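Here are my notes on the model you sent round. Have the structure open while you go through the points.

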Amino acid sequence: MDIDFAAIEIFRDLPADMITAIEGFSQLKLVPPDTPILWAGMECTAVYFILEGRVDITRLSIQGREQVLERLGKGEAFNLVPVFLGKPLNPADAKTIGPAELLVIGREDFLRLLDRYPVLMHALAAYLAKRLLSMVGLAERLALFPVRQHLAAFLINQADAVGEDVARYWTQEDIARRLGTVRDVVGRTLRRFEQEGLIRFQREHIQLLDREKLQSLADGRE
Amino acid sequence: MADWKIPQLNQEKCVVCGICVDVCPQGVLALQAEEVIFARPQECTYCGTCEESCPHGAVACSYEIGWA
Ligand code: SF4
Ligand code: SF4
């Protein structure tokens, strides 16, 4: 088996003898495109590392829409968290986007490796901390989602109505009242739109730059 | 002021704390007697910092929304 362990973030800096030990517990798995690997709620039996390809981690929303929580690529790992839970269940669905090459280690074997090598435990903790940070960012975006959607729709309506009989100038307070939120949230969301290249502030003008993206936000497609 | 827009200041909400005067990067605002004034309106870049910093919602920038 010729596995490129250096390609995987958690294993990258581990000494050679440790890699040999890990290799002994590893299995290679080639997965075709668009193929489910894990289902939420099923028992967690293994952890996965991506050697090649991309994997979407998804959940079904209450409305039955598939929500992509994370899109992972080469070097990333998934299904790590349930390994440590008393009742280990997969927290989310996982499926390949293109063809993927995965390295799979059984849950019990992985726990044994962690017991044996504190350095591996540290590398894992650092990796999980990084992923947690990116999840916090996602949670913030989701919390703001209704505002993003309504604000995008509002901006498009206003811009399309220029010249018609509409209020010409809007303060952030006015917009907040219209959307049923508070000024701070409108201000923050507008700044975020600006960072994302959707709008531009030009003195007293808010210029909309990306109709397609704004429209898909307004339609709830993002 | 016709073609040089500056933020609107609501004197009724303003408690003259001076925060906006301190934060304005252009030194546009000033405290005078018992009120805040736009001492150098022509320097205002309409950056919105005063609005963001005012704890009493006494300053507001207004915007026209259009396609670029
Ligand atoms: S920060 Fe607000 S309340 Fe304080 S002086 Fe400026 S406008 Fe008035
Ligand atoms: S908008 Fe910016 S430049 Fe103008 S007064 Fe406020 S802080 Fe100063």
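1. Chain B first: starting at the N terminus, its elements follow the order β-α-β-β-α-β-β. That makes two helices and five strands; helices (H or I, at least four residues) and strands (E, at least two) are DSSP runs, numbered from the N terminus. Keep in mind that this is a predicted model, in which local features need pLDDT of at least 70 and side-chain atom pairs count only at pLDDT 80 or more, while totals for chains, interfaces and linings use all residues. As for bookkeeping, residues are numbered from 1 along each chain as its sequence is written, chains are lettered from A and ligands numbered from 1 in the order in which they are written, and side-chain values use heavy atoms, with hydrogens and water left out.

2. Chain B has 68 residues, and 37% of them count as buried (under 20% relative accessible area, with exposed over 50% and partly exposed in between; 1.4 Å probe, protein chains only). Of its contacts (heavy atoms within 4.5 Å) with a separation of 6 or more, 51% link residues 24 or more positions apart.

3. Which residues are closest to ligand 1? They are B:C14, B:C17, B:G18, B:C20 and B:C54, out of 13 that surround this ligand (a heavy atom within 4 Å is the criterion). The shell holds 11 nonpolar, two polar and no charged residues. For these classes, Ala, Val, Leu, Ile, Met, Phe, Trp, Tyr, Cys and Pro count as nonpolar, Asp, Glu, Lys and Arg as charged, and the others, Gly among them, as polar.

4. Ligand 2 also has 13 residues around it, with B:C24, B:C44, B:C47, B:G48 and B:C50 the closest. Here the classes come out as nine nonpolar, four polar and no charged.

5. Over in chain A there is an open sheet of four strands, antiparallel in its pairing, with the order β2-β7-β4-β5 (strands pair if DSSP finds at least two bridges between them). β2 (36–38) and β5 (66–72) of chain A are the edge strands, each with a single partner, so one side of each has no neighbour in the sheet. From one strand to the next, the twist averages 35°. At the β2(A) edge, two bridges make the antiparallel link to β7 (residues 93–96) of chain A; A:L38 has A:A94 as its bridge partner there.

6. Helix α4 (residues 145–160) and helix α6 (residues 183–195) of chain A pack at about 75°, their axes 10 Å apart (axes are lines fitted to C-alpha atoms, for helices over the stretch in contact, and angles run from 0 to 180 degrees between N-to-C directions). α4(A) and α6(A) are therefore roughly perpendicular (65 to 115 degrees; under 35 is roughly parallel, over 145 roughly antiparallel, the rest oblique). On the α4(A) side the contact uses A:V147, A:R148, A:L151, A:A152 and A:L155, and on the α6(A) side A:V185, A:V186, A:T189, A:L190, A:R192 and A:F193. By class that is eight nonpolar, one polar and two charged.

7. α6(A) also meets helix α5 (residues 172–179) of chain A, with axes that come within 8 Å and cross at roughly 105°. This pair, too, is therefore roughly perpendicular. A:Q172, A:E173, A:I175 and A:A176 of α5(A) touch A:R183, A:V186, A:G187 and A:L190 of α6(A); four are nonpolar, two polar and two charged.

8. One more look at A:E173 in α5 of chain A: is this residue buried or exposed? At 34% relative accessibility, A:E173 counts as partly exposed. Its C-alpha atom is separated by 8.6 Å from that of A:D184, 11 residues apart along the chain.
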